[in-house]
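The following paragraphs examine how two protein chains relate to each other and to the DNA strands beside them.

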Protein chains: 2
Amino acid sequence: MEETLSAASSLVRLTHLVHTLYADVGRGCDLTTAQAQMLCSLGNRPTGMAELSATLGVERSSLTGLVDRAEHRGLVVRQPDAQDRRAVKVALTDEGTDALQRFHDELTKKLEQLLTELPAKERDQFTGTLRRIVADAPAVFAD
Amino acid sequence: MEETLSAASSLVRLTHLVHTLYADVGRGCDLTTAQAQMLCSLGNRPTGMAELSATLGVERSSLTGLVDRAEHRGLVVRQPDAQDRRAVKVALTDEGTDALQRFHDELTKKLEQLLTELPAKERDQFTGTLRRIVADAPAVFAD
DNA sequence: TATTGTTATACTCTATAACTATA
DNA sequence: TATAGTTATAGAGTATAACAATA
């Protein structure tokens, strides 16, 4: 056991921690991790399969099943794309919007609790640096 | 599009970023994410199924298959536990140790690159706060 | 009785390759 | 020809429930 954790180890631990919270909150909303990620991404606007595939980092063929199951559960719908008859837009249903809202609120609360113990100044510095680091990362939550 | 990302959104983005790196480096070492996590956890010492299950956050029954596949690939072995004839210890093989080393070195390099753009002082403050936040989190990398 | 680990089963997630329809 | 999306197939990962062996 080292006395001081390396920066890399700390980053991995934080990731594990947040990922576990993400999965737990998802389970509480009856959403798998993959479903929660998809709803978060669709929260911005209806999205085509190819773009959604790139944002989530899964193959288009994998996304087909993911959307199938979510559609079957009433969380999303496929809409025809008026500009391109090959394409579809995946959009949140009202039920999907509700699920996303619950998931988002609950996760935000839990994540903010991770930081509540810190002194205000240290917390502000931390989140400031965090923003710099992730400035170019994909938008997968609420942005 | 907000001008300022919330702390929660930033945390989720960072997690997504690190998780993607983790998966990419794993793929480069011919390891799935679950396998890489298991090897990292076993890097400390041989571990029983129940304890490993708790550390990784998966059911014991799920772990059985995970260990089966890793054992079949020559990464780990099940060893009898001298103190308890019900139990087994899962231990890294030489091949598993090599794979873990490669994975660990490569991931550490990539993670440190996330921080290299920051001024030294800001980086030190950030990693200091990070250590405080994850102090109680499970050890899943190199500790 | 409680705990350790496995088996049986079912489902989600994922990728690769081949395919259809439209641009 | 290239792109959007699906289908077919195979495998990994996961959970729940029931089980055997040992503590």
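Helices (H or I, at least four residues) and strands (E, at least two) are taken here as DSSP runs, numbered from the N terminus. This is a predicted model, in which local features need pLDDT of at least 70, side-chain atom pairs count only at pLDDT 80 or more, and totals for chains, interfaces and linings use all residues. Residues are numbered from 1 along each chain as its sequence is written, while chains are lettered from A and ligands numbered from 1 in the order in which they are written.

Chain B is superposed on chain A by a rotation of 180° with 0.1 Å of shift along its axis, at an RMSD of 0.1 Å (least squares on the C-alpha atoms of residues with pLDDT of at least 70 in both copies). That is the relation of a two-fold axis. In chain B, the C-alpha of B:T15 is nearest the axis, 2.4 Å from it.

A residue counts as near a strand of DNA if its C-beta atom, placed from the backbone, lies within 6 Å of it. Around DNA strand D there are 23 residues, of which A:M49, A:S61, A:A87, B:T32 and B:S61 come nearest. Two or more residues of this surface come from each of α3 (49-56) and α4 (60-72) of chain A and α2 (33-42) and α4 (60-72) of chain B. The largest share, 5 residues, is that of α4(B).

DNA strand C also has 23 residues around it, and A:T32, A:S61, B:M49, B:A50 and B:S61 come nearest. Here α4(A) gives the most, with 5 residues.
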